[in-house]
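Here's a quick tour of a model, covering burial, helix faces and a pocket. Keep the viewer open while you read.

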Amino acid sequence: MYTPAEVVEETGFSIDTLRYYEKIGLLERIDRNAAGQRRFSKEDVGWLGMVRCLRDTGMPIATMLRFAELVRAGDHTIPDRIRLLEEHDRQVQGQIDNLAERQRYINNKISYYRSVL
């Protein structure tokens, strides 16, 4: 079991974000100890790793919630999960392509400026 502070350290999410994710259902209800303090399981931390990946790659919260619903619904939703992740992957690839184009532009400017020195 992990304390909230340990989960913050492990995932990079703030305590407020963890509470929010629990409140909206992105994170399932977290167990509590006898004193009422949250205690996260290894599975919770693993799930938060997935959420971190999706968030960092720009997936909207509504889509993350849909993904969470599919996961919780069971293995029969695997084809739907694949479709959802494939669509997100296409969007991520589009972002990568866009950044690569911008990077080429920047490198061309650097080359130009070097040529005038």
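Buried here means under 20% relative accessible area, exposed means over 50%, and partly exposed is in between (1.4 Å probe, protein chains only). This is a predicted model, where local features need pLDDT of at least 70, side-chain atom pairs count only at pLDDT 80 or more, and totals for chains, interfaces and linings use all residues. Residues are numbered from 1 along each chain as its sequence is written, and side-chain values use heavy atoms, with hydrogens and water left out.

Start with Arg52, which is buried at a relative accessible area of 18%. Arg52 sits in helix 3; helices (H or I, at least four residues) and strands (E, at least two) are DSSP runs, numbered from the N terminus. Apart from neighbours within four places in sequence, Arg52 is in contact (heavy atoms within 4.5 Å) with Thr11, Gly12 and Phe13. With the same neighbours set aside, Val51 contacts Phe13, Tyr21, Leu26 and Met64.

Now the largest nonpolar core, a core being a set of buried Ala, Val, Leu, Ile, Met, Phe, Trp, Tyr and Cys residues joined through side-chain atoms within 4.5 Å. The largest one has 19 residues, and Tyr21, Leu27, Phe40, Leu48 and Val51 touch the most other members. Helix 2 (15-24), helix 3 (42-56) and helix 4 (61-73) each put in at least two residues, with the largest share, 5 residues, coming from helix 3.

Two of these helices, side by side (arcs use directions from the helix axis to the C-beta atoms):

| Helix | Buried residues | Arc |
|---|---|---|
| Helix 2 | Thr17, Leu18, Tyr21, Glu22 | 135 degrees |
| Helix 4 | Met64, Phe67, Ala68, Leu70 | 160 degrees |

So the buried residues of helix 4 line one face of the helix, and those of helix 2 are on the same side of that helix. On the other side of helix 2, Asp16 and Lys23 are exposed. The cover over the buried residues of helix 2 includes helix 1 (4-11), strand 2 (38-39), helix 3 and helix 4; for helix 4, the cover includes helix 3 and helix 5 (78-115).

Check the helix ends too: Gly25, just after helix 2, has a positive phi of about 95 degrees, and Gly74, just after helix 4, has one of about 115 degrees.
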